[in-house]
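Me: I have a model here and would like a close look at one part of it. Please start from that part and then work outwards.

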Amino acid sequence: MRIAVCGGPYGNPYALQAFADEARARGCERLFCLGDLGGFGAEMDPLWPILADNGIECVAGNYDVALARGDEDCGCGYQDPTDNAYAQLIYDHTRAATSPGFAAWMGTLPTEHREEVEKVDVHMVHGSTLALNDFWWESLPHEQHQQRVAASGADVVLCTHSGLPWQQRVDGTLVVNVGVIGKPANDGRREVWYAVLDLEQGRAEAELVPLTYDWQAQAASMRASGLPECLAETIETGWWTTCLEILPPRERSRGRYHLYRSTLPTGFQPADDAWGEAPHAELPDSNRPVVPLFGSAYFPTRLWLYTNFHCNLACDYCAVASSPRAVPRALVAEDFRALVEEAVAAGFAALYVTGGEPFLHPDIVALLDHASAQLPTVVMTNAMLLRGRRADGLADLADRKLTVQTSLDGATAAVHDAHRGAGSWKRTMDGIRHLIDVGLPPRVALTETQDNSHEIPAVAELLSELGLPSDHFAVRPLLRRGFSEAGAEIGEGSSIPELTVTADGLHWHPAGADATTSPDMHLAGPGTSLERGKQLVTERFFAARLADGTLPHPVHCAM
């Protein structure tokens, strides 16, 4: 026997009628709905005759139970205040749009349905086998899937409520979240989803089916009823603009939007960063209540590219363990250029080129030429190798969107050289003067240690005497990574992400880009796309946030 099962019509009669028509055309002998007849769209009463005329068998969802009892809220199971505010707004509209007779009929529906079909024990629930409003997410740990399956014992368990379709076998039981037909699945598609099951001689197979329907009519209906514009936008774009906080990290990372706009100035506003500036989000001029994580203060649109890891210095606090003995792990020129093009397409607004010492890369000037023609580019260097063959043509980039940043850890050679090696202060100062002479006045960063804190004013004065403006100097913290055994801790749970690419793949932050000494910050291997990297960062951001409720802070390696 072939059956069709949908979830959540959500006040969308256009999708419900399309479900009935298509399911019959596919040869489905029985049609089921797993509840939540209201909950997003505007039109409630038109659902009732569609259900009756097409013989759609229903179980009750939390929405239907609440409407039948006359409850004051939907009992959806949200915990975030903004999620609940939108849920309440929609529920109030739904109550007003539902006739007493229809609400009373909902009160006659069972909250689960179980029967044997073609020797297959099929159990239909709304949320899960544990609770009516339980969110059965695909990303739940395996033991939580097992718990829900064990509570049933059926061959097939069908559920909805979360709004996101998926299927998998758990200890021999086929579990299918059939999705909902009332709104898209936060996947950028206007289609909605339902499931078709083939049951025969004790065997069960399921197919998740995208459903095309008159989404224009649904959006127009919602606008005509005065529902918030952001809800109609979801119908038209396929991306959720509400009910985000309930989503687990993996599911949230797959959507376009991740944060409520209202959370950014308060709960999501980080402290002043190491450069004396608060990295405020660049928010578009929109009434949309949500924003992507990428592009907010918590995921800057700058991409870090490690050209190589070997270095002419062996600084004793190098966060990525660079030295003359380090394996170069260089990005080949072709890969570097491809990453620049990919960064533009992925929405990055700036490139930060670093190492190791980038001017040990044989093609560094050509790479900077290519990068700075596409995006504003910052190259990090110790400024000691800026003459001769390696730096040929660097002066020709002075009119490009190129910034050079170097490090100066003291106003005297004794302080600077203590960590960076004898003779390095003089050569760095020569490099700074050379950059000024060729029209590339550098930015200068000082890594603060117990040895050099007292020299910070003197370094600022020294740079001022060279003609560098005050905003070309900043102090950054010492980090406990790589070679450094002292300094501030930095990790996924305590720092905002800055996507970083090396020959070893993608990393959370440039200060943790050495896969050997910072394996915890490694996101994915070589060849992983930047779009996939953005998704991995978003997932890990929310996993870290939800683990203990803390919020990350910026730890910048550059101005």
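Which residues is Ser253 in contact with, leaving aside its neighbours within four places in sequence?

Reply: Ser253 is in contact with His258, Gln535, Thr538 and Glu539, once neighbours within four places in sequence are left aside. Keep in mind that this is a predicted model.

Ser253 belongs to helix H9, which covers residues 249–253. Its relative accessibility is 6%. The cut-off for buried is under 20%, so Ser253 counts as buried. The side chain also has a polar partner: one of its polar atoms lies 2.8 Å from the backbone oxygen of Arg250. Arg540 is another residue to look at here. Ser253 and Arg540 are 287 residues apart in sequence, yet their C-alpha atoms are 8.8 Å apart in space.

Such links across the sequence fit a wider count. Take the contacts in the protein chain between residues at least 6 apart in sequence: 69% of them join residues at least 24 apart. Burial can be set against the whole chain too. Of its 559 residues, 57% are buried.

Thr500 makes a useful second stop. This residue lies in strand S19, residues 500–502. Thr500 has 0% relative accessibility, so it counts as buried. A polar atom of the Thr500 side chain lies 2.8 Å from the backbone oxygen of Glu498. Beyond four places in sequence, Thr500 touches Trp304 and Tyr306, and also Gly505, Leu506, His507, His509, Pro510 and Ala513.

Strand S19 leads into a sheet. Nine strands form this open sheet, with mixed pairing, in the order S18-S17-S16-S15-S14-S13-S19-S20-S21. Strand S18 (473–477) and strand S21 (522–524) stand at its edges; each has a single partner strand, so one side of each lacks a neighbour in the sheet. From one strand to the next, the twist averages 30°.

One pairing shows the detail. Strand S14 (residues 350–354) runs parallel to strand S15 (residues 377–380), and three bridges join the pair. Within this pairing, Leu351 stands opposite Thr377 in S15. Helix H14 (residues 456–465) packs on the sheet. Helix H14 touches strand S17 (443–448) and S18, and its direction makes about 150° with that of S18.

Now the five-strand sheet. This open sheet has the order S4-S5-S6-S8-S7, and its pairing is mixed. Strand S4 (112–117) and strand S7 (166–170) are the edge strands, each pairing on one side only. Neighbouring strands are turned by 15° against each other on average, with direction ignored. S7 and strand S8 (residues 173–177) run antiparallel, joined by five bridges. Val170 stands opposite Thr173 in S8. Helix H6 (residues 142–150) packs on this sheet and touches S7 and S8. The direction of H6 makes about 80° with that of S7.

Finally, the frame around these parts. The protein chain has 15 helices and 21 strands. Its C-alpha trace spans about 85 × 50 × 40 Å along the principal axes. The accessible surface comes to about 21,600 Å², and carbon and sulfur atoms account for 49% of that.

Back to your residue. Ser253 sits in helix H9. It counts as buried, and its contacts include Gln535, Thr538 and Glu539.

How values were computed: Residues are numbered from 1 along each chain as its sequence is written. This is a predicted model: local features need pLDDT of at least 70, side-chain atom pairs count only at pLDDT 80 or more; totals for chains, interfaces and linings use all residues. Side-chain values use heavy atoms; hydrogens and water are left out. Helices (H or I, at least four residues) and strands (E, at least two) are DSSP runs, numbered from the N terminus. Buried means under 20% relative accessible area, exposed over 50%, partly exposed in between (1.4 Å probe, protein chains only). A polar contact is a pair of N or O atoms within 3.5 Å; within protein, one must be able to donate a hydrogen and the other to accept it, and residues adjacent in sequence count only if both atoms are side-chain atoms. Contact means heavy atoms within 4.5 Å. Two strands pair if DSSP finds at least two bridges between them. Axes are lines fitted to C-alpha atoms, for helices over the stretch in contact, and angles run from 0 to 180 degrees between N-to-C directions. Accessible areas come from the Shrake-Rupley method with a 1.4 Å probe; for residues, only the protein chains shown count as cover.
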